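Hi,

Here is the structure I said I would pass on. Have a look first, and my notes follow underneath.

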Amino acid sequence: MLPKSLLGVLAGLLLVAPAFSQPSPEESLQRLKEGNKSYLNGIQRFPKIDPIRRLKTAVEGQRPIATVLGCSDARVPVEVAFDKAFGDLFIVRVAGNVCQMAELASVEYGVNYLKTPLVVVLGHTKCGAVHAAAQGTELSGSLPKLMAEIRPAIEATRRKHPELTGEALAEAAIDENVWKSIEDLLGGSEPIRKAVHEKRVLIVGGVRDIKTGKIIWLGEHPEQARLVAQ
Ligand SMILES: [Zn+2]
């Protein structure tokens, strides 16, 4: 906890601090790519967790440069992966980075109200949710409903790669599961389709290798034009 006098000084500094400015979709993606490189090279400049940054975002509000839909997995901390700070990223985390109603609405909020120029759907290697769905693991409680959300990605992977089974099938389905969430985002949200069509927003997929920390960028959905036109 900072003394009140210091907080006063910091609040004063905010008056002379530069205002937030929103980057273009491409610039935003570049910043995340560079952030991941910084993380990999061990030269992190963020997270900027200093009191000035905290006060600035508290006073001026959040202006994140990207909305990220990622997995809840404890090995995929999103700000750390992208070397970003307070107020930089609007993050939705859910097991298996699926996109049901609450996630869809949250991403819509990021795009429509916070005006993030970029949406990243971020999967990761060794995703327990995808592996469980691929193996048909018997789960209790609400988890079978989550599995049902992921299963179409497993089936799509089986159709494309009938030779794959077990771990290999599950790992190949990680990409497909990212694509499915992007399909659900575009299929379920007219405002997001409009934003993509008008090039106000870029939607890309990514997969974090949990062993190396590297983000493997998948780019835009291969059938984006069709998905946006629906
Ligand atoms: Zn996961």
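Let me start with one valine. Setting aside its neighbours within four places in sequence, V120 is in contact with L32, A66, V68, V204 and G206. Keep in mind while you browse that this is a predicted model.

V120 also turns up when you look at the nonpolar cores: the largest one has 51 residues, and V120 and V130 are those with the most contacts inside it. Helix α8, residues 166-188, gives the most to this core, with 7 residues.

Since α8 kept coming up, I went through its partners.

α6 with α8. The two axes come within 9 Å and cross at roughly 120°. α6 and α8 are therefore oblique to each other, and α6 passes α8 in a right-handed crossing. On the α6 side the contact is made by V130, H131 and A134, which meet L169, A170, A173, I174 and N177 in α8. By type, the residues of this contact divide into 6 nonpolar, 2 polar and no charged. So if you colour by core, V130 is worth clicking on, because V130 is among the residues with the most contacts inside the largest nonpolar core and is also one of those in α6 that meet α8.

What about the rest of α6? A129, V130, H131, A133 and A134 are buried there, and the buried residues of α6 pack against both α7 and α8. Right after the helix comes G136, with a positive phi near 65°.

α7 with α8. Helix α7 covers residues 143-160, and its axis comes within 8 Å of that of α8, with a crossing of roughly 120°. That makes α7 oblique to α8, and the crossing is right-handed. The residue list runs to I150, P152, A153, I154, A156, T157 and R158 in α7, which meet L169, A172, A173, E176, N177 and K180 in α8. These divide into 8 nonpolar, 2 polar and 3 charged. If you compare the lists, L169, A173 and N177 of α8 appear in the contact with α7 and again in the contact with α6.

α5 with α9. This pair does not involve α8, but I noted it too. Helix α5 (residues 101-113) and helix α9 (residues 190-197) pack at an angle of about 45°, with their axes 10 Å apart. α5 and α9 are therefore oblique to each other, and their crossing is left-handed. V107, E108, V111 and N112 in α5 meet P191, I192 and A195 in α9. The split for this contact is 5 nonpolar, 1 polar and 1 charged.

Now for the backbone. Which way does phi usually go? Most residues other than glycine have a negative phi. With that in mind, two lysines are worth a look:

- K115 has a positive phi of about 60° although it is not a glycine. K115 is found in the loop between α5 and β3 (118-124), and it counts as partly exposed because it has 15 C-beta neighbours inside 10 Å.
- K126 also has a positive phi, near 55°, and is a residue other than glycine. K126 sits in the loop between β3 and α6 (128-135), and with 15 C-beta neighbours inside 10 Å it counts as partly exposed.

Last, two pairs that are separated in sequence, in case you want to check them on screen:

- E223 and W179 are 44 residues apart in sequence and 9.6 Å apart in space, C-alpha to C-alpha. E223 lies in the loop between β5 (215-219) and α10 (224-229). Is E223 buried or exposed? With 12 C-beta neighbours inside 10 Å, E223 counts as exposed.
- H197 and A225 are 28 residues apart in sequence and 8.4 Å apart in space, again C-alpha to C-alpha. H197 is found in helix α9, and H197 is partly exposed, with 14 other C-beta atoms within 10 Å.

Cheers

Note on methods. Residues are numbered from 1 along each chain as its sequence is written. This is a predicted model: local features need pLDDT of at least 70, side-chain atom pairs count only at pLDDT 80 or more; totals for chains, interfaces and linings use all residues. A nonpolar core is a set of buried Ala, Val, Leu, Ile, Met, Phe, Trp, Tyr and Cys residues joined through C-beta atoms within 7 Å. A residue is buried if 20 or more other C-beta atoms lie within 10 Å of its own, exposed if 12 or fewer, and partly exposed in between; C-beta atoms are placed from the backbone. Helices (H or I, at least four residues) and strands (E, at least two) are DSSP runs, numbered from the N terminus. Two residues are in contact if their C-beta atoms, placed from the backbone, lie within 7 Å. Axes are lines fitted to C-alpha atoms, for helices over the stretch in contact, and angles run from 0 to 180 degrees between N-to-C directions. Angles under 35 degrees count as roughly parallel, over 145 as roughly antiparallel, 65 to 115 as roughly perpendicular and the rest as oblique. A crossing is left-handed if the near helix is turned anticlockwise from the far one by less than a right angle, and right-handed if clockwise. Ala, Val, Leu, Ile, Met, Phe, Trp, Tyr, Cys and Pro count as nonpolar, Asp, Glu, Lys and Arg as charged, and the others, Gly among them, as polar.
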